[in-house]
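Hi,

Here is the structure I promised to pass on. Have a look at it first, and then read on for my notes.

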Amino acid sequence: MKQYDVIIVGAGPAGLTAGLYCARAKLKTLILDKMSPGGQLLLTDAIEDYPGFDRISGMELTEKMENQARKFGAQIQLEEVQEVRIENGKKIVKTDAEVYETPVVIITSGSSPNKLEVPGERELVGKGVSYCALCDGAFFEGEDIAVVGGGDSALKEGIFLTKFARKLYLIHRRDQFRAQKNYQDKVRGHPKIELILDTVVERIEGDKTVQRLITRNVKTSQRRELPVTGVFIFIGSTPNTQFLSNHLERDPNGYLVTNAHMQTSEEAVYAAGDIRSQLTRQISNAVGDATVAAVAAEHYLESVASKDRRAP
Ligand code: NAP
């Protein structure tokens, strides 16, 4: 079994930051991700609220973080983690390619977009239904599309999509957005955006590709048919914890509960970034969480080593 001091599961901003700090502390560090580094950052066109950068693309920020982690010696492997189990205090990390052993795991596996779970959604994914504006927006040049959701993602990505769309319906189930005021100001009065509030999507229809949405106003029960060729869904996300045993404590939404040192309910299993139960999920706090987790991991390894030195 290959051995590392620390294994980090997930190579988004939290994972790359944990990797940087662990490697810089001279720990033998492995970062695992089934996809190329970046996580949700790769789905983000422009970041304007990460301190120190007026504006930077998700791709560019990823490259900087990845290069910095690698420079200090973090190894990054593209492997899908299938299981993390604990045997006599040791953590066994099984991927689709290898089995690793480590005393410390940092979970930074983030979250995946939620589905509307309405008829037509699954059938038309990739045929007009999308969860990624940066990946798919350009396919809708000059077309009429819809965005569903009322959080930062929906409004931010909706604004981005107006670069391509002729018209954009922004559909939200309430009459209040939870997104930052800055984004709300930009969508209200935007010449290409029509707000459709207090409204849910009932069905997504189309033969081979999306042709229309059927919506229902939750206050008046009035239905409306929207002739769109694309629908972008941004209604929150679910933590990626499938590979973890169930005994780790989670909050009611499934996010991992940690203490102030980012330790989960299991000793030497830390969590950082979007996977963690917390108020907000920004790049800046993912990076902050990961710093704490990495330093806590280093302290843990030091304490184990000094106990071993004292042992007769
Ligand atoms: P979010 O804040 O959880 O918002 C999800 C939105 O989807 C809410 O408006 C919610 O409506 C709506 N929704 C949930 N389930 C729905 C359903 N089944 N049908 C219809 N609508 C549904 O998720 P998010 O926008 O992805 O943001 C996640 C985190 O990332 C947040 O902390 C956010 O601040 C952060 N973020 C930050 C930025 C940034 O630029 N700084 C960008 C993106 C994300 P209700 O409001 O009625 O619950």
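How do the residues of the shell around the ligand divide into nonpolar, polar and charged? The split is four nonpolar, eight polar and seven charged. Before the rest, keep in mind that this is a predicted model.

**The ligand site**

In total, 19 residues surround the ligand, and the closest are Asp49, Asp152, Arg174, Arg178 and Tyr183. Both domains take part: domain 1 (2–113 + 237–310) and domain 2 (129–233) each give at least three residues to the shell. Looking at secondary structure instead, helix H4 (residues 152–161) supplies the largest share, three residues.

For the polar side of things, Arg174 has a side-chain N or O atom 2.7 Å from an oxygen atom of the ligand. Ser153 does something similar, with 2.8 Å between a side-chain N or O atom and a ligand oxygen. Thr280 also shows up here, with a polar side-chain atom 3.5 Å from an oxygen of the ligand. As for cover, the ligand taken alone exposes 910 Å², and the protein buries 77% of that.

**Helix H1**

Helix H1 runs over residues 13–24, so 12 residues in the helix as assigned. From first C-alpha to last it reaches 16 Å, close to the 16 Å expected at 1.5 Å a residue. H1 is mostly covered, with 10 of its 12 residues buried. The buried ones are Pro13, Ala14, Gly15, Leu16, Thr17, Ala18, Gly19, Leu20, Cys22 and Ala23.

**Two positive phi values**

Most residues other than glycine have a negative phi, and two spots here are worth opening in your viewer. Ser221 has a phi near 65°, a positive value in a residue other than glycine. You will find Ser221 in the loop between strand E15 (212–217) and strand E16 (223–226). Ala268 is not a glycine either, and its phi is positive at about 65°. Ala268 belongs to the loop between strand E18 (237–239) and strand E19 (269–271).

Are these two buried or exposed? Ser221 is partly exposed, because its relative accessible area is 44%, which falls between the 20% and 50% cut-offs. Ala268 has a relative accessible area of 0%, so Ala268 is buried.

**A few other residues**

Lys181 sits in helix H5 (residues 181–187). Its relative accessibility is 60%, so Lys181 counts as exposed. Lys181 and Asp152 are 29 residues apart along the chain, and their C-alpha atoms are separated by 9.4 Å. Asp152 has come up already, as one of the closest residues to the ligand.

Glu225 is part of strand E16, and at 53% relative accessibility Glu225 also counts as exposed. Between the C-alpha atoms of Glu225 and Ile145 there are 13 Å, with 80 residues separating the two along the chain.

Then there is Gly137, in the loop between helix H3 (133–136) and strand E11 (144–148). Which is Gly137, buried or exposed? Gly137 is buried, because its relative accessible area is 0%. Along the chain Gly137 and Gly230 are 93 residues apart, while their C-alpha atoms are separated by 9.0 Å.

That is what I have for now.

Cheers

Methods
Residues are numbered from 1 along each chain as its sequence is written. This is a predicted model: local features need pLDDT of at least 70, side-chain atom pairs count only at pLDDT 80 or more; totals for chains, interfaces and linings use all residues. Side-chain values use heavy atoms; hydrogens and water are left out. A residue is near a molecule or strand if one of its heavy atoms lies within 4 Å of it. A polar contact is a pair of N or O atoms within 3.5 Å; within protein, one must be able to donate a hydrogen and the other to accept it, and residues adjacent in sequence count only if both atoms are side-chain atoms. Accessible areas come from the Shrake-Rupley method with a 1.4 Å probe; for residues, only the protein chains shown count as cover. Helices (H or I, at least four residues) and strands (E, at least two) are DSSP runs, numbered from the N terminus. Ala, Val, Leu, Ile, Met, Phe, Trp, Tyr, Cys and Pro count as nonpolar, Asp, Glu, Lys and Arg as charged, and the others, Gly among them, as polar. Domain bounds come from an automatic or database domain assignment. The expected span of a helix is 1.5 Å times one less than its number of residues. Buried means under 20% relative accessible area, exposed over 50%, partly exposed in between (1.4 Å probe, protein chains only).
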